[in-house]
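Student: I'd like to learn how to read a protein model. Could you walk me through one, feature by feature?

Tutor: Happy to, so let's put it on the screen.

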Amino acid sequence: MPDEPLIEVELLEVPVPLRDRALQHSDELLREMTLVAMQIREGDGQELPLRLTQLAADVQVTYGAFTATPESLLDSAHERGEDVVARVVYTVPLTVGPFARHLIEVLEETEEFCRAGTYLLALASPPDVMAYRMWTLLEFERQTAGEAATSWPKYAAEHGLPA
């Protein structure tokens with residue numbers, strides 16, 4: 001991956017409190033999926049927790065270095081009590097686009113798993129949290145494919161959510 005071309009992906013008008021809620025929900029879900037994954041035996045038809053926990057590890061190992069600075073900027077905005085960060089730039093390999101698509105698919109499957117109420121105490125994501133996750137992943141997918149950035153308020157309005 002060292003010789004792979006890099007591209008800038010912008011997240012515009014990031015809602016800091018919503019991002020924080022999405023991170024908290026993701027952390028809770030991942031903790032629970034990790035516990036479920038430890039109890040699952042291979043071949044019992046419940047591979048999603050195993051895949052999700054592996055995918056989370058892959059994200060950190062593969063893309064952690066590319067996200068550390070932008071995530072630190074957002075964390076600092078949270079600490080200062082800011083509601084919105086106008087522009088956050090991630091410099092990432094082009095492979096993040098197809099990887100984002102894979103994450104979207106697993107995220108949708110995970111939401112169905114949560115709604116089914118089997119194995120987990122975690123509830124499906126609130127609509128605004130799910131929309132925020134989708135927006136961020138779609139921005140990586142779209143922008144690595146050459147499309148322009150879409151701000152959170154525009155995306156939220158297009159999906160009937162408050163900005």
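Student: In what order do the elements of the protein run from the N terminus on?

Tutor: Before anything else, keep in mind that this is a predicted model. From the N terminus, the order is β-α-α-β-α-α-α, which gives five helices and two strands.

Student: How much of the protein is buried?

Tutor: A residue is called buried when its relative accessible area is under 20%. Here, buried residues account for 41% of the 163 residues. The accessible surface of the protein is about 9,000 Å², and carbon and sulfur atoms supply 56% of that.

Student: What share of the contacts join residues at least 24 apart?

Tutor: Take the contacts between residues at least 6 apart in sequence: 73% of them join residues at least 24 apart. Leu6 is a good case to look at. Leu6 sits in strand 1, residues 6–15, and its C-alpha lies 6.0 Å from that of Leu94, although the two are 88 residues apart in sequence. Beyond its neighbours within four places, Leu6 is in contact with Phe66, Thr91, Val92 and Pro93.

Student: Is Leu6 buried, exposed or partly exposed?

Tutor: Exposed starts over 50%, and partly exposed lies between that and the buried cut-off. Leu6 has a relative accessible area of 49%, so it counts as partly exposed.

Student: Which residue in strand 1 has a positive phi?

Tutor: The general idea is that most residues other than glycine have a negative phi. Glu13 has a phi near 55°, a positive value in a residue other than glycine. Glu13 belongs to strand 1 and, at 36% relative accessibility, is partly exposed.

Student: How far does helix 3 reach from its first C-alpha to its last?

Tutor: To read a helix, set its span against the one expected at 1.5 Å a residue. Helix 3, residues 96–116, has 21 residues and reaches 30 Å, close to the expected 30 Å. Its buried residues include Val96, Phe99, Leu103, Leu107, Glu111 and Phe113.

Student: Glu111 caught my eye there. Which residue of helix 4 touches Glu111?

Tutor: That is Arg133, found in helix 4, residues 127–144. With a relative accessible area of 9%, Arg133 is buried. Leaving out residues up to four places away in sequence, Arg133 touches Ala22, His25, Ser26, Leu107, Glu111 and Ser125. Two of these, Leu107 and Glu111, are among the buried residues of helix 3.

Technical notes. Residues are numbered from 1 along each chain as its sequence is written. This is a predicted model: local features need pLDDT of at least 70, side-chain atom pairs count only at pLDDT 80 or more; totals for chains, interfaces and linings use all residues. Side-chain values use heavy atoms; hydrogens and water are left out. Helices (H or I, at least four residues) and strands (E, at least two) are DSSP runs, numbered from the N terminus. Buried means under 20% relative accessible area, exposed over 50%, partly exposed in between (1.4 Å probe, protein chains only). Contact means heavy atoms within 4.5 Å. Accessible areas come from the Shrake-Rupley method with a 1.4 Å probe; for residues, only the protein chains shown count as cover. The expected span of a helix is 1.5 Å times one less than its number of residues.
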